[in-house]
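Open the model in your viewer and keep the selection tool at hand. This tour goes stop by stop, saying what to select and what is there.

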Amino acid sequence: MPSPTDRRYTKEHEWVRVEDDLGTIGITDYAQDQLGDIVYLELPSPGTQVKQLDKLGEIESVKAVSDLYSPVSGELVEVNQEVNDRPELVNQSPYEEGWLVRVRLADPAEVDKLLSAEQYDELIAQAQET
Amino acid sequence: MTFPYISNTAADRRAMLAAIGVASAEELFVDIPSEFRIAELDLPAALSEPELVRELTALAERNRPVDSMPCFLGGGAYRHFIPSVVGEVIGRSEYATAYTPYQAEISQGTLQTAFEFQSMVCELTAMDVANAGMYDGASALAEACLMAAGVTGRRRIALLSTVHPHCQAVVRTYAFGRDLAVDVVAPDGLALSEEHACLAVQQPDFFGHLLPEVEALARAVHEAGALFIVSVDPISLGLFRPPGEYGADVVVGDGQSLGSPLDFGGPYLGLFACRQQYLRQMPGRIVGRTSDAQGRTGYVLTLQTREQHIRRERATSNICTSQQLVALAATVYLAAMGKEGLRQVAELCYHKAHYAARRIAQLPGYSLAFDGLFFKEFVVRCPRPPSEVNRALLERGIVGGLDVSQYVENGLLLCVTEMNSREEIDRLVDSLAEIGGSE
Amino acid sequence: MSNGPRQPDIGARLTFDLSKPGRTACSLPPCDVPAAELPSPQLLRGELNLPELSQVDLVRYFLALSRLNYSVDTGFYPLGSCTMKYNPKVHEELACLPGFTRLHPLQPLETVQGALALMYDLQRWLAEITGLDAVSLAPAAGAQGELTGILMIKAYLADRGEEGRRRVLVPDSAHGTNPATAAMGGFEVVTVASDNQGNTDMQALASALDDGVAALMLTLPNTLGLFEPNIGRIAEMLHRKGALLYGDGANVNALLGRARFGDMGFDIVHLNMHKTFSTPHGGGGPGSGPLVVKGHLAPYLPTPVVGEDGDHFVLATPERSIGRVGLFYGHFGVLVRAYAYLRTLGVEGLRQVSENAVINANYVLARLRQAYHLPYDRRCMHEVVFSGSRQRAKGVRTWDIAKRLIDYGFHPPTVYFPLIVDEALMIEPTETESKEALDAFCDALLTIAREAEEEPQVVKEAPHTAPIGRLDEATAARRPVLRWRREAGNES
């Protein structure tokens, strides 16, 4: 299934969907499939300043830990409490209910540096070939 | 020579080498550069089983086991009663020769008993969670201090001076690794700064005494933003209030007293329990309860992402193999003693130690070094150097106490447990009287 | 799952659930001294919630659980880098002699000369076997041996004014304890790539090696079961740059009586008594991880070491000792078994161990190579690493193959390690397994390979015949239940 076109992507398999100056961030379907059952998320608290492609937090599955990178710079304003209590939401609905954090964008133009849905789909197609 | 632990015969080897496609076993070692190959070692010749038994029995006989005499030695290793069921259970090779339970479906014996162990440690210490065990009480304390440093982001560790000197030493060794400073503080005049990650205390302390005002101490530590770590004697928790009730954030200790022999110092057992909020920073293995697809209850290693095999350099600790069989011994011990038994053991230690202390304090030349509440150990000031007293006791067929004269002038740390009969105690007192009376 | 009689849910009833007030499994004598005054009630504990069981119930419970365990005495463990060899029973008898178990570590040294003699001789023999000079028996396990070694390196370098060496190199195939240990030593970990032969990539090593490197931690043979042919050059490179070579001795089973770490240029090596030296694994310990070092590092060993003073044995503190790593002297009870093992083998026995260990692993390689992908197509030493990549193409993963082996009566091999092999399956037979046992094991794996082609579902849903099915590890991690609680069954 092609990745949703209403958002942009990082090479590390995060997505960001921008509405006005607010970016909602999550991980892609490919990422959740690779990770397996997600059991725990370590995310920063609201008020934290984040920078594009800096480490945002960690995602744990039963047998692995993965670093999470921020697609955008700005102030983290909201954390999805639902996924804290039920990490399986990220597996079940990575693009909707499984969103992770919201960031108030410092520089909306930054988003242009990220991959489009088509570019991201190419990236994972290549990864799956090797 | 044929060895009982190698199954292959020469015929087997020939068949296997043929299947591999080589003429001799030597060809399988070609990757070892010739300049490093050796064929000889200066080791004693191989022994058959009867010869081995003879040799080691002779070695064992060159030692004097403490049961051969009344013994009043403590100081971190204790002579407590080991019920026969403990040896019966840990002697089962299904427990003793099993691997670490990474494959849960065929390791439920190890996993369920580890869950039992965790539960019992939590009950004993009144803490929220416990791991499946660490190497010993000293390294458990060290790991607790490292955890506190990680949690608070601070770089100084405070230890009360009455923590066992060996434990203090181990904390220093581990602190050296992470470039943390260790401050040893006296019980009076305690002042924690905001650089301190924790204060660790021992309860009862090295000299056998319980700290007065622990709640106030816990409050002061928390006000400084640090963690309160308490290292306990688990037997004492059969009688005394557990640290979970007076503000401990982490409880550690050594479980040798719970069903393991003295064994000349090891293997022992590190206990580690903490508050729920520190669960993900806790080192060591943790077993959790879950179920299979059929709804049957089972146990698995869980929260493994804290550990070295997954998180590698970011692991909570490098610990891998720990002390599972010793933890099993402790589990069987606690289940065998039960709530009444453990309390009885603790009370016996308490009453016998106090009887001994009272009688010794009445001897001319002897006095108790400290006031205050003690459990099963106490320090006596002797009329002569403790090394002389101990030598004289040994001549009378008694193992004395621990010479602590470097901390207390002519100080002798005596330990009395449920294993010391009244006759033995009276004999000790009479001997001390004689020794004190002579020039 | 199983077609037998319906099994009771044994996991749901712990000792706490079987408990009944008034029962006990043990008896204690009454107090024979006048009772002292107890402290005030607020210092005493109120509730002590431990189970109360009669002895027969207790014994039945723990024995029933033991029957759910797989063990070396039950069957073969092909676990790579674990060396799950047979645990000799005479060692159990000897380690339990009262002349060993009933020794207090602090009793007068003249009363424990037999124990000290045992430790002294073991120190000597471990040095002889590894070709190094001085030994500490103190570390409680391999990981603690690693930590001790890393701290000694840190102290040694500090004494030479070389605190600037803040990096430790670790191969990409290294066991997780290596980087975890380096981090506990305050070092930054730098990973060095392996080449396509499975050896350390010499160019990668050369570019990583600068004056900021304290040490390289190398397992030999490595975790692919391969011997590093360039080991001499590697040691030279490191020493020329002022760095040290640390040896992870987990795999020394392949080298016993044939090659020595000291000769190859290693400075510090730890050994695992519970692997190479036959002491039982205990379900996760106790083990023992002695450290053997070159002479220039001897002053830094942890305290105490066993020394000789004329005609008796003493405990000594090395002059620049890094201090204590444990409460007392190490796992004496485990060391007795290792001592007995070495007395049983002698050098001839050690050479038979390494020979048979390496023959067994190469035999497994030969039998399985048609069915499973062999990422490094060369002779292995005491262990061989396959990849389940061929089976992955059919949707069957190494995890499934491992679980299906349980149905054939075998413990799975090490899986997904080392990290540099995709869908890794690491097999170490050890020398104590017979050709028949290995044939049965290989037959099972060949059958599973066929099942992966023809009926993959049976593999993917395995195990079918274990005491319990695949357990829900995700829920165990998401909503951890880590202790028994009174409201059993629905606590959290």
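## Stop 1: a hairpin in chain B

Select the hairpin formed by strand 8 and strand 9 of chain B; 5 residues lie between the two strands. Within this hairpin, pick B:Gly295, which has a positive phi near 85°. Bear in mind that this is a predicted model.

Now show the two strands themselves. Strand 8 of chain B covers residues 287–291, and its pairing with strand 9 is antiparallel, with 5 bridges. Click B:Arg289 in this pair. Which residue of strand 9 stands opposite B:Arg289? The partner is B:Tyr299.

## Stop 2: strand 9 from both sides

Select residues 297–301 of chain B, which make up strand 9. Are its residues buried or exposed? Here 5 of 5 are buried, so the strand is mostly covered.

Next, colour the strand by face. In a regular strand, side chains alternate between the two faces of the sheet. On one side of strand 9 of chain B are B:Thr297, B:Tyr299 and B:Leu301. On the other side are B:Gly298 and B:Val300. Both faces are covered, and all of these residues are buried.

## Stop 3: zoom out to chain B

Select the whole of chain B. It has 12 helices and 13 strands. Its C-alpha atoms fill a box of roughly 85 × 55 × 50 Å along the principal axes. Of its 439 residues, 67% count as buried. Look at contacts in chain B between residues at least 6 apart in sequence: 70% of them join residues at least 24 apart.

## Stop 4: where chain B meets chain C

Add chain C to the view. In this pair, 185 residues of chain B are in contact with 200 residues of chain C. Together the two chains bury about 17,000 Å², with 63% of that on carbon and sulfur atoms. Highlight B:Tyr5, B:Glu105 and B:Phe264: they supply 6% of the area that chain B buries against chain C, more than any other three residues.

Turn to the polar side of the interface. How many salt bridges cross between chain B and chain C? The rule finds 11. For a salt bridge to inspect, select B:Arg13 and C:Glu355, whose side chains meet at 3.8 Å, N to O. Between the two chains, 93 residue pairs are in polar contact, counting pairs with both residues at pLDDT 80 or more.

Finish on helix 10 of chain B, residues 324–361. This helix gives 26 residues to the side that touches chain C, the largest share. By class, that side of chain B has 95 nonpolar, 50 polar and 40 charged residues.

How values were computed:
Residues are numbered from 1 along each chain as its sequence is written. Chains are lettered from A and ligands numbered from 1 in the order in which they are written. Side-chain values use heavy atoms; hydrogens and water are left out. Buried means under 20% relative accessible area, exposed over 50%, partly exposed in between (1.4 Å probe, protein chains only). Helices (H or I, at least four residues) and strands (E, at least two) are DSSP runs, numbered from the N terminus. Two strands pair if DSSP finds at least two bridges between them. Contact means heavy atoms within 4.5 Å. Buried area is the accessible area (1.4 Å probe) that two parts lose on being put together, summed over both. A salt bridge is a side-chain nitrogen of Lys or Arg within 4 Å of a carboxyl oxygen of Asp or Glu. A polar contact is a pair of N or O atoms within 3.5 Å; within protein, one must be able to donate a hydrogen and the other to accept it, and residues adjacent in sequence count only if both atoms are side-chain atoms. Ala, Val, Leu, Ile, Met, Phe, Trp, Tyr, Cys and Pro count as nonpolar, Asp, Glu, Lys and Arg as charged, and the others, Gly among them, as polar.
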